[in-house]
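Trainee: I would like to learn how to read a structure feature by feature, beginning with pairs of charged side chains. Could you take me through it slowly?

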Amino acid sequence: MIERLKELGDEALQEIKEANTVKALEDVRVKYLGKKGPITEVLRGMGKLSAEERPKVGQKANDVREHIQEKLDEKSAELEKKALEEKLQAESVDVTLPGKEIKRGARHPLTAVVEEIEDIFIGLGFQVTEGPEVETDYYNFEALNLPQEHPARDMQDSFYVTTDMLLRTQTSPVQARTMEKHEGKGPVKIVCPGKVYRRDDDDATHSHQFLQIEGLYVDHNIRMSDLKGILEAFVQKYFGVDRSIRLRPSFFPFTEPSVEVDVSCGICKGEGCRICKHTGWIEVLGAGMVHPHVLEMSGFDPEEYSGFAFGMGVERFAMLKYGIDDIRHFYTNDIRFLDQFKRA
Amino acid sequence: MLVSYQWLKDYVDIKDLSVEETAERLTRGGVEVDMLHPRSEGINNVVVGYVESCERHPDADKLNVCQVNTGEQTAPIVCGAPNVKAGQKVAVAKPGAVLPGGMKIEKTELRGQTSEGMICSLQELGIEQKLVAKEFMDGIYVFSDEAAIGSDAVAELSLRDTVLELDLTPNRPDCLSILGVAYEMAALLDRGVQHPSVTHGQAGESVKDYIAVQVETPNDNPYYGAKVIRNISVGPSPQWMQNRLTAAGIRPINNVVDITNYVLMEYGQPLHAFDLDKFGSSDIVVRRANADEQMKTLDEEVRTLTNEHLVITNGEEPVALAGVMGGSFSEVQDDTTTVLLEAAYFQPTRVRKASKDIGIRSESSIRFEKGIDSGRIEEAAERAAKLLEQYAGGDVLEGTVEVDHRPTENPMITTSSAQLNKLLGMDLKEDDILSIFRRLRLEARVDKNHIIVDVPTRRPDLEMEVDLAEEVARLYGYDNIPTTLPAGTTTPGSLSPAQQKRRKIRRYLEGSGLHEAITYTLTSSNRSNRFQLQDVPGTVDVSMPMSEDRSKMRTSLLPHLLDTVQYNRNRQLNDVAVFELGSIFIGEKESLSKQPHEKQVLAGAIAGMWDVQLWQGEKKKTDFFIVKGILEGLFEEIGLADHIQFHRSNHTELHPGRSADVYLDGQTIGFIGQTHPMVEKEWGIKETYVFQLDVDALLAFTANALFYETIPRYPSITRDIALVVGEEVAAGDVQQVIINAGGDLLHRVSLFDVYQGENLSDGQKSLAFSLVYLDPERTLTDEEVSKAHDNVLTQLQEQVNASLRQ
Ligand SMILES: [Zn+2]
């Protein structure tokens with residue numbers, strides 16, 4: 001009988017091996033381990049055996065059963081795994097197909113530049129201050145040391161809306177207004193971003209409307225070397241730490257001394273290239289020490305206070321940063337242009 | 001200001017500096033050289049030739065065949081210029097020569113006649129048409145007799161030179177002369193300045209026997225000086241002078257006019273030459289013009305003057321508009337023999353007024369307007385007299401008739417090394433500062449701790465201590481100023497809450513798929529009254545607009561955003577989603593009496609497909625609810641969701657059935673909707689959705705502070721209902737009935753289906769809502785929920801006649 005059990009065991013293992021579906025495997029189990037199966041059959045005939053043989057055969061029958069069960073489990077796991085693999089295979093997708101596009105808009109490049117510059121100056125302890133776009137002649141010119149007959153008024157032909165009001169030609173009137181509000185007490189540390197307007201025909205480098213950011217720092221003992229320090233810190237934050245600045249004497253009615261600030265060319269590293277007109281330097285800012293007349297007119301005592309002011313064109317910064325060659329792009333709002341600034 | 005490098009070298013020693021180095025020094029010192037213009041770039045092989053003979057071309061009426069001696073040989077040249085004659089010395093481009101613009105000259109044949117080169121006009125040598133003397137304008141240039149045959153014509157014309165184009169700031173009128181630039185170079189390099197010669201002979205007679213001067217308004221004319229030069233013979237000025245004038249951008253006319261212009265450029269002093277014989281009297285009277293007084297200026301125009309204008313008269317009628325232009329009848333002409341030379345100082349404002357009113361800006365008026373050196377007038381007059389003697393054969397009468405009301409003393413500025421150092425953040429010694437003043441030729445003396453500077457008339461821009469600080473800094477070198485950070489109290493920087501919220505609004509809209517646009521503020525009349533948020537009493541109008549398109553300030557952002565949709569649509573870019581945040585300008589009914597109200601508004605325009613997933617075949621056209629959803633998200637983002645309502649709008653520019661007004665706690669703050677099809681037709685666009693909101697109102701509203709709500713620990717009970725209501729009933733109203741009737745237990749209501757059609761009667765629609773009941777404190781019983789729910793159903797029946805759908 002032991003022989004017979006061994007045979008049955010071998011037969012069962014062979015059939016398990018051949019079973020390729022969960023169903024076939026179940027049939028094998030029923031066939032060998034079911035109540036009507038051959039092993040049960042064998043055990044039923046055990047009564048004929050001697051008391052000596054009976055436990056041996058019983059033991060063998062259990063061993064065979066366990067062995068079959070073990071193999072059945074193994075095979076079953078194997079078949080399940082295979083079935084899952086097939087299912088996953090069938091479910092697979094082409095991962096190179098494009099994903100579902102999440103609709104996103106873009107920041108206007110001028111907004112991106114304004115906010116970046118604001119943030120740098122906020123980091124340096126400045127407040128962001130705004131003011132009206134339609135200004136009085138007083139704040140736009142006179143409070144900035146540009147009296148009626150001043151020849152420098154020619155420099156900025158403007159859009160008047162009445163004899164006394166105009167579209168501001170600069171954001172500096174905000175500085176005069178803010179100083180007045182401080183009633184002669186410093187420090188005043190502000191940057192003023194905003195739209196300004198000048199009578200220019202629109203072309204690749206001129207726009208009758210553009211954005212400016214001007215800044216002002218008034219306190220006791222502000223020196224020209226401080227102007228240099230703050231502007232260098234700003235330029236290095238905006239353009240990169242490897243850039244340097246150069247100051248050239250210039251003229252603005254509301255500052256004295258006045259300077260033009262050049263930044264070293266980032267394209268050629270100062271060697272000279274087309275972008276910097278072969279000078280190695282790019283003009284980016286106008287600045288200077290606040291003129292005593294301006295301090296005085298806004299209620300600050302020039303004996304006690306001094307300060308510096310600076311101004312920059314946002315379009316120019318954006319053009320340099322993104323390599324844009326025509327200022328009109330900023331105001332045309334061509335979707336193909338705007339779409340490029342999603343990561344600005 | 002155009003400065004010839006060769007001319008500049010007459011007054012300051014810059015031989016060791018190249019043109020480029022000179023330009024660099026000036027620019028770094030604050031006198032910006034905008035451009036360098038090499039005058040003979042690309043020209044070679046052009047020599048002075050002598051026309052030995054000149055005969056009509058046998059086969060061409062308008063051509064001549066000339067035998068031209070160029071030193072090495074005499075060769076035939078065919079020339080079409082009407083003024084070519086035998087005996088002339090001319091500029092000959094020999095075969096192989098290159099002219100400006102790259103034109104190459106070859107030996108050639110013209111109608112059977114050999115031509116070995118070309119006789120050149122000045123224009124062909126690169127001189128602008130407007131600078132060519134009248135007699136050579138339509139033909140070749142003719143040299144004076146002194147020019148050596150075979151010599152370099154380019155050198156003969158002083159074209160081996162570079163012109164520095166200065167971009168002068170308004171505070172440096174002292175550099176509006178070659179001598180002024182020489183002073184600047186001398187200061188930068190610490191060198192000397194060489195003035196030109198002014199010595200001349202003197203005729204026996206005194207000028208006082210010829211003329212008298214009277215100035216009626218000395219404030220307008222602090223100095224008037226007149227000299228008389230007799231026996232003048234008018235003719236061309238010397239070659240070198242013509243060359244220099246051309247370099248300075250001035251056309252040579254005749255020796256008398258050229259000399260006044262030459263001294264103008266040299267000294268920056270405007271001069272005027274009258275023909276004394278035609279002057280009409282021996283009395284020069286300077287006065288204000290009478291109202292409506294007329295005069296004919298030398299351009300033969302009759303000008304009507306006002307008493308804001310200053311005129312030079314002969315006692316009766318004006319002979320010149322002071323500092324701007326001379327009169328016609330006293331003009332120097334070919335037959336002039338006696339010249340009255342005026343050298344004066346006219347008040348800048350007076351000249352600016354006249355120049356502006358008459359519409360003429362001349363080299364003279366520009367200099368008067370910006371302020372001339374009142375201390376250099378007499379020297380300039382003597383210089384001109386000397387040149388008239390030398391180059392126009394004149395006899396200079398003794399003396400000058402003058403009326404002088406100039407201040408006798410120069411202004412003084414007191415400063416100190418301590419103050420200058422404090423302002424600049426430097427540590428200069430007094431001697432360093434004094435040496436800078438010496439280089440600038442500013443007389444300075446030290447008095448205890450102070451430095452007192454005598455400001456020369458040459459530098460009227462120096463008025464205060466800070467002006468001296470700039471002089472010190474720029475001569476010392478801006479590069480040598482140290483870099484420091486302010487030592488005062490530190491302040492925290494920040495954005496205001498409103499500025500933060502505006503950034504938040506922008507970020508949200510970008511994240512929602514809208515591109516930010518920036519459009520122009522100025523607009524046209526027919527765009528300026530469209531899509532307004534509220535009644536606008538008046539627009540803000542530009543007094544003198546550059547064009548109708550930019551004549552008014554916008555009262556709405558939408559017209560230009562619709563232009564943006566149209567612009568893109570015209571380029572096959574149909575899917576557009578843009579927003580703009582900016583100001584609108586609200587004027588008054590009549591003209592403005594104060595600054596207009598500037599209101600911040602937010603607007604958007606969305607057209608075309610909203611969502612396109614090409615390969616998956618999904619497409620979603622923009623509709624009302626996409627745009628509404630964006631706004632609802634925005635209100636949530638800034639904490640206003642619970643305060644906003646949408647009600648049907650009657651805005652005439654919007655689709656009547658697809659538009660709503662937006663309310664913030666009952667106040668209208670904007671609108672949303674599809675643009676009216678008539679508007680779409682007008683703009684040439686397709687179905688477009690827009691919105692516009694009053695940002696000031698949004699920013700003024702303070703949302704409740706954000707506090708978290710406990711996450712419920714007890715289960716909620718959900719009841720779904722499908723209602724049948726009349727199709728005119730607004731879903732929002734139905735929802736409001738449910739919310740009001742549901743009481744405290746009703747936690748949430750959401751609409752999940754809207755249906756109209758089969759199985760419903762005409763004029764009816766079905767709305768399905770999901771109601772979630774919850775008590776955060778305990779588990780609800782079915783009974784409690786049913787009680788609340790029944791009340792909802794009853795109220796729905798009563799208030800909106802809603803029945804449960806069977
Ligand atoms: Zn470069």
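Trainee: With which residue does Glu784(B) form a salt bridge, and how far apart are the closest N and O atoms?

Mentor: The general idea is that side chains of opposite charge can pair when their charged atoms come close. Bear in mind that what we are reading is a predicted model. In this model the partner of Glu784(B) is Arg778(B), and the closest N and O atoms of that salt bridge lie 2.7 Å apart. Glu784(B) has a relative accessibility of 24% and so counts as partly exposed, and Arg778(B), with a relative accessible area of 35%, is partly exposed as well.

Trainee: Where else in chain B can I practise this, for instance with Lys15(B)?

Mentor: Lys15(B) forms a salt bridge with Asp13(B), for which the closest N and O atoms are 3.6 Å apart. Here Lys15(B) counts as exposed, at 67% relative accessibility, whereas Asp13(B), at 41%, counts as partly exposed.

Trainee: Is Asp226(A) buried or exposed, and which side chain does it meet in a salt bridge?

Mentor: Asp226(A) is buried, because its relative accessible area is 0% and the cut-off for that class is under 20%. Its side chain meets that of Arg223(A) in a salt bridge, at 2.9 Å from N to O, and Arg223(A), at 24% relative accessibility, counts as partly exposed. Over all chains, the structure holds 77 salt bridges.

Trainee: How many salt bridges are found across the interface of chain A and chain B?

Mentor: The rule finds nine of them across that interface, one case being Glu115(A) with Arg507(B), where the closest N and O atoms are 2.9 Å apart. That pair should not be read in isolation, since both residues belong to a network of salt bridges that also links Arg107(A), Glu118(A), Asp119(A), Arg503(B) and Glu510(B).

Trainee: What else describes the interface of the two chains, such as the area that chain A and chain B bury between them?

Mentor: The two chains bury about 7,500 Å² between them, with 54% of that area on carbon and sulfur atoms. Lys103(A), Pro249(A) and Ile335(A) supply 9% of the area that chain A buries against chain B, which is more than any other three residues. As for contacts, 88 residues of chain A touch 89 residues of chain B, and 45 residue pairs between the chains are in polar contact, counting pairs with both residues at pLDDT 80 or more.

Trainee: Turning to the metal, which residues coordinate the zinc ion, and what is the geometry of its site?

Mentor: As a reference, the ideal angle for four tetrahedral donors is 109.5 degrees. In this model the zinc ion is coordinated by the SG atoms of Cys265(A), Cys268(A), Cys273(A) and Cys276(A), at 2.2 to 2.3 Å. The angles among the four donor atoms run from 104 to 114 degrees, and the site is tetrahedral. Along the sequence, the donor residues follow the spacing C-x2-C-x4-C-x2-C. Of these donors, Cys265(A) is buried, with a relative accessible area of 1%, and Cys268(A) also counts as buried, at 11% relative accessibility.

Trainee: Finally, which domains does the domain assignment give for chain A, and how far apart are their centres?

Mentor: The assignment gives domain 1 (2-91) and domain 2 (109-341) for chain A, and the centres of these two domains, taken over C-alpha atoms, are separated by 90 Å. In chain B the assignment gives several domains, including domain 3 (203-404) and domain 6 (717-804), and 96 Å separate the centres of domain 3 and domain 6 of chain B, again taken over C-alpha atoms.

How values were computed
Residues are numbered from 1 along each chain as its sequence is written. Chains are lettered from A and ligands numbered from 1 in the order in which they are written. This is a predicted model: local features need pLDDT of at least 70, side-chain atom pairs count only at pLDDT 80 or more; totals for chains, interfaces and linings use all residues. Side-chain values use heavy atoms; hydrogens and water are left out. Donors are N, O and S atoms within 2.8 Å of the metal (3.2 Å for Na, K and Ca); water is not among the atoms, so sites may look incomplete. Four donors count as tetrahedral if all angles lie between 85 and 135 degrees; four count as square planar and six as octahedral if opposite donors are over 155 degrees apart and all others between 65 and 115; anything else is irregular. Buried means under 20% relative accessible area, exposed over 50%, partly exposed in between (1.4 Å probe, protein chains only). Domain bounds come from an automatic or database domain assignment. Contact means heavy atoms within 4.5 Å. Buried area is the accessible area (1.4 Å probe) that two parts lose on being put together, summed over both. A salt bridge is a side-chain nitrogen of Lys or Arg within 4 Å of a carboxyl oxygen of Asp or Glu. A polar contact is a pair of N or O atoms within 3.5 Å; within protein, one must be able to donate a hydrogen and the other to accept it, and residues adjacent in sequence count only if both atoms are side-chain atoms.
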